[in-house]
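User: Hi! I'm new to looking at protein models. Could you walk me through this one?

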Protein chains: 2
Amino acid sequence: MAANRMVYMPLGGAGEIGMNLYVYGFGPKGREQLIIVDAGVMFSDMETTPGIDLILPDFSWLEERRQRVMGVFVTHAHEDHLGALGYLHRRVKVPIYARRFTASICQRKLDAEGFGTSSIQMVRDLTTAIEAGPFRVKFVPITHSVPEASALIIESPGGLVLHTGDFKIDEKPLIGEAFDSGIWQRLSKEGISALVCDSTNVFFDREGRSESTIGPALADLFTSVKGAIAATTFASNVSRVRQIAQQAVECGRSVVLLGAAMHRMVGAAVESGVIDDFPKCVDPSEAVRLPRNRLLLLTTGSQGEPRAATAQLSNGKFRGFQLVPGDIVVISSRTIPGNERAVARVVNRFSASGVKVIEDHRELYHVSGHANRQDLTRMQRLLKPKMVVPMHGEHRHLTEHAELAASNGFHSEIVANGSMLDIGRRKIIADYSDQVGRNYLDGNEIISFDTGIVRDRLRMAREGVVMVAVTFGRRQVETEISVRSIGIGNGHDKQTDQLVAETVQACIGQLEMREGPDAVERQIAVAIRRGISHAVGKKPVVRVILSGY
Amino acid sequence: MAANRMVYMPLGGAGEIGMNLYVYGFGPKGREQLIIVDAGVMFSDMETTPGIDLILPDFSWLEERRQRVMGVFVTHAHEDHLGALGYLHRRVKVPIYARRFTASICQRKLDAEGFGTSSIQMVRDLTTAIEAGPFRVKFVPITHSVPEASALIIESPGGLVLHTGDFKIDEKPLIGEAFDSGIWQRLSKEGISALVCDSTNVFFDREGRSESTIGPALADLFTSVKGAIAATTFASNVSRVRQIAQQAVECGRSVVLLGAAMHRMVGAAVESGVIDDFPKCVDPSEAVRLPRNRLLLLTTGSQGEPRAATAQLSNGKFRGFQLVPGDIVVISSRTIPGNERAVARVVNRFSASGVKVIEDHRELYHVSGHANRQDLTRMQRLLKPKMVVPMHGEHRHLTEHAELAASNGFHSEIVANGSMLDIGRRKIIADYSDQVGRNYLDGNEIISFDTGIVRDRLRMAREGVVMVAVTFGRRQVETEISVRSIGIGNGHDKQTDQLVAETVQACIGQLEMREGPDAVERQIAVAIRRGISHAVGKKPVVRVILSGY
């Protein structure tokens, strides 16, 4: 009989920032019982995934082994850690464990997919381990930019793993439990087989700063401004949202929440008892009558999202408010790489209408939620693990994190999506990466990343589309050629359409009627593409439909 | 008779980074004689301009006044300052003035559009002013990240303007003239009406660093690495390219240029006499036989451009070279906002194949070519202008730069593209912004930004395309419906096509034959879009072609 082993395999998050999904297993080879940590999404971009609503991990590996899956443990309430829960639940229906605030956000994900409340096990007692098959799992409070973020202690007969989730070291986080070195020191005495650790900020050199450090700067800003203030941050950063609101109230301003996510997150935090002292907010319809220097708007859309409150304000009126010269906008968040242009568009629109935007290049009004390089080192030294396993990052982050661990004298293993690590033997023992892809939510369908749909969209976006219908009549002179081109040929002058029609005509003249319609359609398409390429330098996607042929 | 006035109007560059084109005029209102400073391009992106090859300024304002245009003055050899010269020359054929190295790059732009050499006036004598109508223009050497960058002293009876072009303050630039405070101090005594000044780095707080500061760090790196080194930077940064090559040779490495732009720029610099001591390079075919620790590849593609040498190396072999674990890649440039993901893709590919990439987050191996905040202040204080006019930047940069000038006690005016400034009266006197757009090079056609082509492409990229050909037969039963969908409906299962066909069938059944084919095509298209939206949540671009109707 094969020996038992404890394994770790990421299915998302170890190759990208976002889409976190990690699997742990214990048992004999091929019969391990499994638990899942997190099930997150990633957002699309026009360069690689146009029109895609969400990017999800590929659940098929888990689905094939679903009898062996014991549960899902959710570390915290960010979309990149729980946004895929509903879709996962449809495929692998197992209990979901989360602390109270996180559970309330998990529930929304299940609701959206039509599941009830019964699958979520709310974790209130942090001292007793949850048993899931051979695993004993404990939630340990850790500081991050969302309430109730937790690391997980994952214990099996094969070893003890500390899975950090996303975290920072914050000894004065304003809400929730402070980072407590004592917890981690005590834990280190139990002997940690692996520290599986957040890598997102490994390229940031300075020590991280506490949430509490930005209060004075916010207060200075809020008193110095003569007009209205709009402050934007991630709504899920409830500590920040509350801090901004409290500082505003102390500076004599009324707080208005703008954007659905602000209401949703503050609501969830109050309901779950995370906060009980959120300042009373004013309704937009009342607030518009207040003097401008008495107003603070807390707005969604810190990443430049075009439909969020901040972008709407930059376009003009939103919920009755319009910012004018003398007002300011303060961005209290870091721009996620890839969102720079979206944020710049919003800032430039404000700037052009005379509204000053504080982008906070000097980070006076923002601190990161992730552990910087120095904090990662501190965590390693506190926990003294037998091995560091970098998670949550692109490949370059994982590599840098592994090098950092090595420079601190720790063994480390880079485990990319689809690779399986034997935790006891500290080596990669299987590679499923060719079976592990991604899924896309496109409209309301979930499609695989490799259907060719995205490739076709990118081609259409770059080269345009030409469609031609050719209807053969009884005699050649009766043949009708209709052309529709989209995104090509300058639209107005119909020169491209003319060129296409002539090309088709020439093709038809040379037709040898022995070939089937599919072959003829392809031949004509090739001729059209070649003709357009020659004439205007574009290679459109061409589709030809023959009828009566 | 109207009084003479000196005016300034940007047609590009004052609202974006890139696409610089500035107009100065002198004369009575509406009859000013004009000169142009720079004619640059901007690069497209998938989010806003998919498939567009280049973004150019709109020349129509100038073309309408071309009898009054006296010349084009080109400050330096970057694409965002001279990339549009050939297209401008086609519309406004006037002499082009540039220093020798810049002129050689300008000539390539004219060659590409089929113009000869006669239009370019090479400027060798920097002491004598060039006369162009009422203007006297002098080229003044200024430091930047390309050889022979120049500021312009633009003098007319209406005043004296110092137009900086792109610049930094570098007292030890390694090639070309060092930044010389004396020049600017002497100039300030002549009384500067306006300092028209580069804004790109206004958000950078620290004092700029000299090109010469990075040599020791490069040498340390080159000696410490055991394998091959690939170093990438902008090829036009000839000083950097030469510095890397020289340091490599001193560390016992042979230098290989990879990428067409590297050969082109080094060649132009040698030919024009900018440098005469570029180390002898080795041909790739020879170099592949050298030991790896004797190799330094100087590669194009520092911005992650997919076809450039660096990206090709990250994909595997290029010109016989393949990087392997132990080799390193050093990125000796700043990532331009918007290119982060492209660069990250290249880095992650190297990382996954075990090749370490030094992204240089700490800027050990790179210095910026633009004046930071402190340098802008220094320039203002050296020149003591009556007014600061921020140029080359997005609106947020211009605003910040104007605020900086104000905080230093200088009057400033924000002049966006299409706004005309009266330099003597220091106020905006006309707004042509509704007549000033942009042009796109798309394939080999130049189209206006507002044709709708780009909007259609973006829609197709997000939503997909459905085309339907309906051929009516004599009897209803003979009607043929052919569907081609692209970028929608999961490709394989044909469910979408089926749905479309049924929708068309239903529409035809209800047809009232009194309507024309255009109206019917539109009705069917609306029904299809609605049906697909309902079924799969996408709103494709739909085109319907009826025949025999």
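Analyst: Happy to! Let's start with a term we'll need: a polar contact is a pair of N or O atoms within 3.5 Å, and within protein one of them must be able to donate a hydrogen and the other to accept it. Keep in mind that this is a predicted model.

User: Thanks! So how many residue pairs are in polar contact across the interface of chain A and chain B?

Analyst: The rule finds 29 such residue pairs across that interface, counting pairs with both residues at pLDDT 80 or more.

User: Which elements of chain A give two or more residues to the side that touches chain B?

Analyst: There are helices and strands in that list, including α11 (340-352), α13 (395-407), β22 (445-448) and α16 (517-536) of chain A. The largest share comes from α11(A), with eight residues.

User: And what kinds of residues are they, on that side of chain A?

Analyst: They divide into 24 nonpolar, 24 polar and 25 charged residues.

User: What about salt bridges, how many are there across the interface?

Analyst: The rule finds 14 between chain A and chain B. One to look up is the salt bridge where the side chains of A:E359 and B:R396 meet, at 3.0 Å from N to O.

User: How is the size of an interface often given?

Analyst: Often as the accessible area lost when the parts come together. Here, the area buried between chain A and chain B is about 6,200 Å², and carbon and sulfur atoms give 54% of that. A:M46, A:R341 and A:I486 supply 11% of the area that chain A buries against chain B, more than any other three residues.

User: How many residues does each chain bring to the contact?

Analyst: Chain A brings 73 residues and chain B brings 74.

User: What turn and shift lay chain A on chain B?

Analyst: A turn of 180° with a shift of 0.0 Å along the axis does it, and the RMSD is 0.0 Å. That is the relation of a two-fold axis. The same surface serves both copies, as 100% of the contact residues of chain A recur in chain B.

User: Neat. Changing topic: in what sense do β21 and β22 of chain A pair?

Analyst: Strand β21 (residues 438-442) and β22(A) pair in the antiparallel sense, over four bridges. Within that pairing, A:Y440 stands opposite A:I447 in β22(A). The hairpin has two residues between the strands, and A:G443 takes a positive phi near 65° there.

User: Last one: where is A:N408 found, and which residues does A:N408 touch?

Analyst: A:N408 is in the loop between α13 and β19 (419-422) of chain A. Not counting residues up to four places away in sequence, A:N408 touches A:T377, A:Q380 and A:R381. With A:T377, the link is a polar contact between the two side chains, at 2.9 Å.

Terms used:
Residues numbered from 1 in each chain as written. Chains lettered and ligands numbered in written order. Predicted model: local features only at pLDDT ≥ 70, side-chain atom pairs only at ≥ 80, totals over all residues. Heavy atoms only, no water. Contact = heavy atoms within 4.5 Å. Buried area = accessible area lost by both parts, 1.4 Å probe. Salt bridge = Lys/Arg side-chain N within 4 Å of Asp/Glu carboxyl O. Nonpolar A, V, L, I, M, F, W, Y, C, P; charged D, E, K, R; others polar. Pairing = 2+ DSSP bridges. Least-squares fit on C-alpha atoms with pLDDT ≥ 70 in both.
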